[in-house]
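This report goes through one protein chain part by part. Look at the sequence and the 3D structure before reading on.

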Amino acid sequence: MYDISPEELKDYSAYTIVDIRDDMSYAYGHLPDAISVPQAELSTYIDEWKDTGKVLIYCKRGEASADAVLMLREQGVEAYNLKGGYMAWLMLAMQEPAEQTDVDFAKDVENSIRKRFRKKIWCKFTKAINEYELVKPGDNIAVCISGGKDSMLMAKLFQELKRHNKFPFGVQFLVMDPGYSPENRQVIETNAKNLNIPITIFESDIFESVFHVEKSPCYLCARMRRGHLYSQAKALGCNKIALGHHYDDVIETILMGMLYGAQVQTMMPKLHSTNFEGMELIRPLYLVREDDIKAWRDANHLHFIQCACKFTDTCSSCDKDGQSNSKRLEVKKLIHELAKTNPFVEGNIFKSVENVNLSTVIAYKQNGVKHHFLDDYDKE
């Protein structure tokens, strides 16, 4: 009764647009001018919204937001529900014909990397490539695309790197569909087409396999996805897979290891595979900040999927308090708060694993062997 379809939403300025998804979903993408308000906090805005006119509420698929609209209307707010939620709006946004051709659009995106984002993205990408020796002559690299902003940007950066072609190497753009909904699959394919990225898609049933796993399903899913990627990449003749982890992922991993894992470790810029001989994992976005990736996305009016697994792709994950069970999200927020009073905190976290002094730690592990400071304490 109080639904507004994405097709009917012509004048965004006519509404106060409210996103009640979790913070991480909002950060990945949202309607123009939308504000993020946890569902549990909607009641605190009632008096304000009574005077502002029409309020449009949305969640992932329009289910949790429908309940929120009824609550607000009972309190006198002229609230409406976005029918189908963010996913319905996203599908329409992806289908709307652009004034430019796909080729022109891709060229504009590429120019933004060369010019507007040269310092903050391109130079940091090439710095990581050179500093950590991620790409070598003769490599054949499977650039693994999940459909999110990070991996799509990484694909465009590799295309740019190939154009410079200082030495011969190959690139394959690999997409694994672990059980995406048709909508999310279409978003990936449409983005690849618009960005002129020639993707190779293969399918697996990983989402279905881990859906009923109660203990650490996300960890299991990540391990299984990486194994499938290694296998497919090797079948394509690749010797490396490239993943889209960025600088913020690195510092969050360091802090998560300390706070929740009781260990000091980091997400390495490259790793030899222990299960696939001759294969290596590289992380070319290692020095690129997430905020700069978001700025690139928004400047080019791009829309990407988030995780899109069965745990997050339904309104059952539209948590009423706007929170997430993700420890990574907790740490992301913690770092953000610390950075308000110490602007060097992020860089210090990153550098902390470059400046480890083994003579000042009680114990450490190397190649699976634990070393304790008492082992050599009394030796001359």
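Which residue just after H8 takes a positive phi? That residue is Asn196, with a phi of about 60°. The model described here is a predicted one.

## The chain as a whole

The protein chain has 14 helices and 13 strands. Of its 380 residues, 45% are buried. The accessible surface comes to about 20100 Å², and carbon and sulfur atoms account for 51% of that area.

Contacts can also be sorted by how far apart the partners sit in the sequence. Taking the contacts between residues at least 6 apart in sequence, 75% join residues at least 24 apart.

## The six-stranded sheet

One open sheet contains six strands in the order S8-S7-S6-S9-S11-S10, and their pairing is mixed. Strand S8 (199–203) and strand S10 (270–272) are at the edges; each has a single partner strand, so one side of each has no neighbour in the sheet. From one strand to the next, the twist averages 25°.

At one edge, S8 pairs with strand S7 (residues 170–177) in the parallel sense, over five bridges. Within this pair, Leu174 stands opposite Thr200 in S8. Helix H7 (residues 149–164) packs on the sheet, where it touches strand S6 (140–145), S7, strand S9 (240–242) and strand S11 (280–282). The direction of H7 makes about 150° with that of S6.

## Helix H8

Helix H8 covers residues 182–194. How far apart are the end C-alpha atoms of its 13 residues? They are 18 Å apart, and this agrees with the expected span of 18 Å, because the helix should advance 1.5 Å a residue.

H8 lies across S7 and S8 and runs at about 165° to S8. Its buried residues are Asn184, Val187, Ile188, Thr190, Asn191, Ala192 and Asn194. Asn196, the residue with the positive phi, comes just after this helix.

## The five-stranded sheet

A second open sheet has five strands in the order S1-S5-S4-S2-S3, with parallel pairing. Its edges are strand S1 (3–4) and strand S3 (35–36); each of these has a single partner strand, so one side of each is left without a neighbour in the sheet. Strand S2 (residues 16–19) and S4 run parallel and are joined by four bridges. Thr16 stands opposite Val55 in S4.

Helix H3 lies across S4 and strand S5 (79–82), running at about 175° to S5. The loop between strand S4 (55–58) and helix H3 (64–74) contains Gly62. Is Gly62 buried or exposed? Its relative accessible area is 12%, and a residue under 20% counts as buried, so Gly62 is buried. Gly62 and Lys83 are 21 residues apart in sequence, and their C-alpha atoms are 5.4 Å apart in space.

## Two crossing helices

Helix H11 (residues 247–261) and helix H13 (residues 327–341) have axes that come within 9 Å and cross at roughly 105°. Angles of 65 to 115 degrees count as roughly perpendicular, so this description fits H11 and H13.

Several residues make the contact between the two helices. On H11 they include Ile251, Leu255, Met256 and Leu259. On H13 they include Lys327, Val331, Leu334 and Ile335.

Notes:
Residues are numbered from 1 along each chain as its sequence is written. This is a predicted model: local features need pLDDT of at least 70, side-chain atom pairs count only at pLDDT 80 or more; totals for chains, interfaces and linings use all residues. Side-chain values use heavy atoms; hydrogens and water are left out. The expected span of a helix is 1.5 Å times one less than its number of residues. Buried means under 20% relative accessible area, exposed over 50%, partly exposed in between (1.4 Å probe, protein chains only). Contact means heavy atoms within 4.5 Å. Accessible areas come from the Shrake-Rupley method with a 1.4 Å probe; for residues, only the protein chains shown count as cover. Two strands pair if DSSP finds at least two bridges between them. Axes are lines fitted to C-alpha atoms, for helices over the stretch in contact, and angles run from 0 to 180 degrees between N-to-C directions. Angles under 35 degrees count as roughly parallel, over 145 as roughly antiparallel, 65 to 115 as roughly perpendicular and the rest as oblique.
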